[in-house]
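Below are my comments on the two-chain model you sent round. They are in numbered points, taken chain by chain and then across the contact.

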Amino acid sequence: MIWAAVLATSVGCYLLKLAGLSVPARVLESPRVRSVAMLLPVALLAGLAAVQTFGLGRSLSLDARAAGLAYAVVALLLRAPFLVVVVGAAAVAALVRAVA
Amino acid sequence: MSTTGAAAQEWEAVRRKVLRDALGIAVAVSSYGISYGAIGSASRLSVAQTCALSVLAFTGGSQFALVGVLASGGSPASGTATALLLGSRNTMYGLRLAPTLQVRGLRRALAAQFVIDESTAMAIRHRDERVARLAFWTTGLSIFVLWNVATLVGALGASALGNPSRFGLDAAVGAAFLALLWPRLADPVARVVALGGAAVALLLTPFLTPGVPVLAAGLVAVAFGLWPSVVARPEAAR
């Protein structure tokens with residue numbers, strides 16, 4: 001099942017890229033389509049970040065992951081590079097778990 | 001004769017600068033690749049599956065999304081759906097790039113795989129179409145190579161470490177999504193959409209199968225994106 005998802009995602013992502021190069025521009029030229037397409041990644045990435053941090057199956061949980069995310073916010077405000085943000089968040093969460 | 005010599009020299013200088021920029025951004029992006037590889041193989045994906053996505057899907061946001069939804073217990077179908085919705089922005093990039101790239105047949109099939117955030121950003125900075133094409137191809141190719149090497153390194157590294165929650169790798173997923181989102185938050189409308197998307201996803205989590213609340217968050221983008229004053233914004237016309 002995981003392989004099916006990997007392959008479906010791969011084929012789908014490639015076709016989405018190819019469509020942009022192949023479809024006549026006017027098909028997707030509508031300002032409404034463009035406006036939604038530009039905001040879609042924002043809503044999805046925010047939803048993913050929230051669920052990854054506070055979701056636990058079908059319930060919500062405030063645990064060490066929240067400390068990791070709080071660190072990430074500070075690191076991003078300080079313009080830290082991606083790896084510093086991600087590895088640091090993991091380290092903070094691991095530290096909170098070790099102490100708690 | 002001397003003018004063509006000067007032109008050739010100038011082109012050589014431009015070519016070197018474009019190449020340097022492409023390699024620079026590829027090195028920067030490879031740190032995402034290491035994170036993705038580590039998170040992927042520490043979740044429900046094997047090393048081979050993690051690497052296959054980097055070769056075949058080759059679009060970081062979507063790859064993180066599939067891994068993230070699966071890690072939080074979502075179904076493969078909802079993971080794929082989220083990944084494809086995120087990947088739809090590449091269609092918009094392709095539309096923007098098509099007149100510049102002028103590719104047909106096999107070259108188009110190859111160029112399509114390289115249509116990502118970074119190659120688009122590097123290409124559209126240049127007015128001169130020849131320079132823009134060079135920027136697209138060099139950025140796309142360098143990122144493709146380094147992204148896949150980095151994925152393999154991260155995936156092998158994490159699978160050697162073992163239990164992901166012991167190292168806080170589960171917390172790294174949320175931080176990775178936030179870091180991917182961050183540059184888009186310069187736009188005030190995007191900030192509202194981000195808060196709305198996060199709120200909708202969390203509020204629905206107790207009531208829906210894992211994975212579906214994130215898809216529902218996408219509706220916030222649809223609602224705001226269709227709002228007349230948002231559609232009419234000059235930024236939306238870019």
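How many helices and strands make up the secondary structure of chain A?

1. Chain A has four helices and two strands. Note before going further that this is a predicted model. In sequence order the elements of chain A follow the pattern α-α-β-β-α-α, with the two strands placed between the second and third helices.

2. On overall dimensions, the C-alpha trace of chain A spans about 60 × 40 × 25 Å along its principal axes. The radius of gyration of chain A is 19 Å, whereas the globule rule gives 13 Å for 100 residues, so chain A is more spread out than a compact globule.

3. Chain B is built differently in terms of elements: it has twelve helices and zero strands. Its pattern from the N terminus is accordingly written α-α-α-α-α-α-α-α-α-α-α-α. The C-alpha trace of chain B spans about 75 × 50 × 35 Å along its principal axes.

4. The domain assignment splits chain B into domain 1, residues 2-167, and domain 2, residues 187-238. The C-alpha centres of these two domains of chain B are 25 Å apart. Contact between them involves ten residues of domain 1 of chain B and seven residues of domain 2 of chain B. On the domain 1 side, helix 4 (residues 76-87) of chain B supplies the largest share, five residues. That side of domain 1 of chain B comprises three nonpolar and seven polar residues, with no charged ones.

5. Within chain B, I looked at one helix pair. The axes of helix 5 (residues 89-101) of chain B and helix 7 (residues 117-124) of chain B come within 11 Å and cross at roughly 40°. The two helices of chain B are therefore oblique to each other, and the crossing is left-handed. From helix 5 of chain B, the residues in contact are B:Tyr93, B:Arg96, B:Leu97 and B:Thr100; they meet B:Thr120, B:Ala123 and B:Ile124 of helix 7 of chain B. By class, this contact has four nonpolar, two polar and one charged residues.

6. Between the chains, the contact takes 65 residues from chain A and 89 residues from chain B. On the chain A side, the elements giving two or more residues are helix 1 (2-22), helix 2 (31-54), strand 2 (59-60), helix 3 (64-77) and helix 4 (82-99) of chain A. Helix 2 of chain A gives the most, with 23 residues. The chain A side divides into 48 nonpolar, twelve polar and five charged residues.

7. Which helix of chain B packs with helix 2 of chain A at an angle of about 145°? The partner is helix 11 (residues 212-225) of chain B, and the two axes are 7 Å apart. The crossing of helix 2 of chain A and helix 11 of chain B is right-handed. Residues from helix 2 of chain A in this contact include A:Leu39, A:Leu40, A:Ala43, A:Gly47 and A:Val51, and those from helix 11 of chain B include B:Val214, B:Ala217, B:Gly218, B:Ala221 and B:Phe224. By class, the contact has 16 nonpolar and four polar residues, and no charged ones.

Definitions and conventions: Residues numbered from 1 in each chain as written. Chains lettered and ligands numbered in written order. Predicted model: local features only at pLDDT ≥ 70, side-chain atom pairs only at ≥ 80, totals over all residues. Domains from an automatic or database assignment. Contact = placed C-beta atoms within 7 Å. Nonpolar A, V, L, I, M, F, W, Y, C, P; charged D, E, K, R; others polar. Axes fitted to C-alpha atoms, helices over the stretch in contact; angles between N-to-C directions. Parallel < 35°, antiparallel > 145°, perpendicular 65-115°, else oblique. Left-handed = near helix turned anticlockwise from the far one by under 90°. Rg over C-alpha atoms; globule rule 2.2 N^0.38 Å.
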